[in-house]
Amino acid sequence: PIAYGRLFAQAAEAIHAADPTAQVSIGGTFFHDQFIIGGLEFLANMEPEAWASADALAFHPYTFYPPSVPPEYAGSSDVSLGTGEVPLIEMIAKLRAVAADAGRADIPLLVTEFGWPSWGEVDMLEQADWAERSVLLGLSQGVSTWCGYTIFNREPGGAEDRFGMAEPSGTLTPYGERMRDLAEHLAGVEAAAILDLPE
């Protein structure tokens, strides 16, 4: 984290010098320790100059891989790593706490990758419902940027191949339709306050 923080601060300085309007985010931390251990600790141990030069903090709010529970789910996981699933709202709160400890309580949070595969126990309607609920829950907490992974489904159709918003033909999946409709409904909407949701 110390080396990354130094590299990030230097890169952000160079990017801002080349384009003062560019937005540079600390990027895309993964929340669980299934693949990348200690995401929150990594952020907490970054150099202060990295936090000072960042325009945003990006994260990927996945549940355990392959994602197969909704964003509100807080039960145990099939993965025996000693940790359970963390609901989206709790992920956001923990990231905000780390940012506040670093003196950046005001830093915007961005979701630079999220989604569920329509695979295994997750059907296409659940994929669409859970993605929509994630975006709406995130918006209620002030997270306004959401980037889905990925645009197109691929063959042969394993979990990694079924995150798409469209089939290879270009036909939108229910998830793609839901994201299109949500974008249309929310066009021009601005957040007024962060909701205090019950536990």
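**Figure 1. Phe-114 and Trp-146 are both buried, and their rings form an edge-to-face pair in this predicted model.** The two ring centres lie 4.9 Å apart with the planes at 80 degrees, and the pair therefore counts as edge-to-face. Phe-114 belongs to strand S3 (residues 109–114) and Trp-146 to strand S4 (residues 145–148), so the contact ties together parts that are 32 residues apart in sequence. Seven aromatic pairs are found in the structure.

**Figure 2. Tyr-4 and Phe-8 form a tilted aromatic pair within helix H1.** The distance from centre to centre is 6.1 Å, and the planes of the two rings stand 35 degrees apart. Both residues sit in helix H1 (residues 2–18), where a spacing of four residues separates them by about one helical turn. The two partners are not alike in accessibility: Tyr-4 is partly exposed at a relative accessible area of 28%, whereas Phe-8, at 6%, counts as buried.

**Figure 3. Phe-30, Tyr-62, Tyr-149 and Phe-163 are joined by ring pairs into a cluster.** One member of this cluster, Phe-30, also appears among the residues that line the second largest cavity, which is the subject of Figure 6.

**Figure 4. The largest pocket holds about 400 Å³ of space.** Its lining is made up of 16 residues, of which Val-135, Leu-139, Ser-144, Leu-186 and Val-189 are the closest to the pocket centre. The elements that contribute two or more residues to this lining are helix H5 (124–140) and helix H6 (174–186), and H6 gives the most, with four residues. By class, the lining residues of the largest pocket divide into twelve nonpolar, three polar and one charged.

**Figure 5. The largest cavity encloses about 60 Å³ of space.** A search of the whole structure finds two cavities of 30 Å³ or more. The residues lining the largest cavity are Pro-61, Thr-63, Pro-70, Pro-71, Tyr-73, Val-86, Pro-87, Leu-88, Met-91, Trp-116 and Ser-134. This lining comprises nine nonpolar residues and two polar ones, with no charged residue.

**Figure 6. The second largest cavity holds about 40 Å³ of space.** Thr-29, Phe-30, Phe-31, Gly-39, Leu-40, Leu-43, Phe-59, His-60 and Leu-95 form its lining. Strand S1 (25–30), helix H2 (39–44) and strand S2 (56–60) are the elements that give two or more residues to this lining, and H2 gives the most, with three. In terms of class, six of the lining residues of the second largest cavity are nonpolar and three are polar, while no charged residue takes part.

**Figure 7. Salt bridges join Arg-104 to Asp-106, Arg-162 to Glu-167 and Arg-180 to Asp-181.** Side chains of opposite charge can pair when their charged atoms come close. Between Arg-104 and Asp-106 the distance from N to O is 3.1 Å; here Arg-104 counts as buried, with a relative accessibility of 15%, whereas Asp-106 counts as exposed at 56%. The side chains of Glu-167 and Arg-162 meet with a distance of 3.4 Å from N to O, and Arg-162, at 14% relative accessibility, counts as buried because the limit for that class is under 20%. In the bridge between Asp-181 and Arg-180 the corresponding N to O distance is 3.0 Å, and the accessibilities are 28% for Asp-181, which counts as partly exposed, and 40% for Arg-180, which is partly exposed.

**Figure 8. Asp-129, Glu-132 and Arg-178 are linked in a network of salt bridges.** Over the structure, the count of salt bridges comes to eight.

**Figure 9. The close-up views are set within a protein chain of six helices and four strands.** Read along the sequence, these elements follow the pattern α-β-α-α-β-α-β-α-β-α. The radius of gyration of the chain is 17 Å, which agrees with the value near 16 Å that a compact globule of 199 residues would have. The C-alpha trace spans about 45 × 40 × 35 Å along its principal axes, and 41% of the 199 residues count as buried.

Conventions: Residues numbered from 1 in each chain as written. Predicted model: local features only at pLDDT ≥ 70, side-chain atom pairs only at ≥ 80, totals over all residues. Heavy atoms only, no water. Phe/Tyr/Trp six-rings, centres within 6.5 Å; stacked < 30°, edge-to-face > 60°. Buried < 20%, exposed > 50% of the residue type's maximum accessible area, 1.4 Å probe, protein only. 1 Å grid on protein atoms, 1.4 Å probe; cavity = no way out; pocket = protein on both sides within 12 Å on 5 of 7 lines; lining within 4 Å. Points joined across faces, edges and corners; volume = space filled by probe spheres on them. Nonpolar A, V, L, I, M, F, W, Y, C, P; charged D, E, K, R; others polar. Salt bridge = Lys/Arg side-chain N within 4 Å of Asp/Glu carboxyl O. Rg over C-alpha atoms; globule rule 2.2 N^0.38 Å.
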